[in-house]
Amino acid sequence: GEGTFYCSQAADYDPSTKETPFRLRWVPSCWGGDTNVAGASAGEVIAEMDLLLTGGRLNGINRGLIEAAYEDAASNGGTNPGVEALRYAQQLFSMTPEFHITNHLIDSVTLPETRNVTVPGLNLTN
């Protein structure tokens, strides 16, 4: 059935089925409800996901690819195309380097400066 999966339901899960009992719990606030009743654009949805999943670090090329995939999935019809598009976008986000890297990226040309740290009787260079 539809709805949110609760841990107490885990005992009823049948692993021989292809569908997991988990249901999508998060929807973008720009949707205005459980479906995209506000008519939010792919750019708005992906921008919100970018902030939540990568801290706003999503590369422009990756953003464009995910937005295009979201729009394509949302236009393919089905029982709930917006939710399907959202799931597809989440899957694509999970494959981006920005999703797996938690630090600030630096370019390979900029090298950190060498610092000399003086400790009594010891000289360390970082």
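**Salt bridges and a helix pair**

Biologist: At 41% relative accessibility, how does Glu84 count: buried, partly exposed or exposed?

Modeller: This is a predicted model, and the value is computed from it. Buried needs under 20% and exposed needs over 50%. Glu84 has 41%, so it counts as partly exposed.

Biologist: Which residue does the side chain of Glu84 meet in a salt bridge?

Modeller: Side chains of opposite charge can pair when their charged atoms come close. The partner of Glu84 lies three residues apart from it in helix 3, about one turn of the helix. That partner counts as partly exposed, at 30% relative accessibility. The N to O distance of the salt bridge is 3.1 Å, and the partner is Arg87.

Biologist: How many salt bridges does the structure hold?

Modeller: One of them joins Glu84 and Arg87. Another joins the side chains of Arg63 and Asp50, at 2.6 Å from N to O. The number of salt bridges in the structure is two.

Biologist: How many residues apart in sequence are the parts that the pair of Arg63 and Asp50 ties together?

Modeller: The side chains of Arg63 and Asp50 meet in a salt bridge. Arg63 lies in helix 2 (residues 60–74) and Asp50 in helix 1 (residues 42–54), so the parts tied together are apart in sequence by 13 residues.

Biologist: Is Asp50 buried or exposed?

Modeller: Its partner Arg63 counts as partly exposed, at 23% relative accessibility. For a residue to be buried, its value must be under 20%. Asp50 has 3%, so it counts as buried.

Biologist: Are helix 2 and helix 3 roughly parallel or roughly antiparallel to each other?

Modeller: Two packed helices are described by the angle between their axes and the distance between the axes. The axes of helix 2 and helix 3 come within 8 Å and cross at roughly 155 degrees. Angles over 145 degrees count as roughly antiparallel. Helix 2 and helix 3 are therefore roughly antiparallel.

Biologist: How many nonpolar residues are in the contact of helix 2 with helix 3?

Modeller: From helix 2, the contact includes Ile66 and Tyr70, and from helix 3 it includes Gly82, Leu86 and Phe93. The residues of this contact include one polar and no charged, and the nonpolar ones number twelve.

Biologist: Which residue in the loop between helix 3 and helix 4 touches Ile66?

Modeller: Helix 3 spans 81–93 and helix 4 spans 97–100. The residue in question also touches Leu58 and Asn62. With a relative accessible area of 6%, it is buried, and its name is Thr96.

Terms used:
Residues numbered from 1 in each chain as written. Predicted model: local features only at pLDDT ≥ 70, side-chain atom pairs only at ≥ 80, totals over all residues. Heavy atoms only, no water. Helix = DSSP H or I, 4+ residues; strand = E, 2+ residues; numbered from the N terminus. Buried < 20%, exposed > 50% of the residue type's maximum accessible area, 1.4 Å probe, protein only. Contact = heavy atoms within 4.5 Å. Salt bridge = Lys/Arg side-chain N within 4 Å of Asp/Glu carboxyl O. Axes fitted to C-alpha atoms, helices over the stretch in contact; angles between N-to-C directions. Parallel < 35°, antiparallel > 145°, perpendicular 65-115°, else oblique. Nonpolar A, V, L, I, M, F, W, Y, C, P; charged D, E, K, R; others polar. Lists of a residue's contacts leave out its neighbours within four places in sequence.
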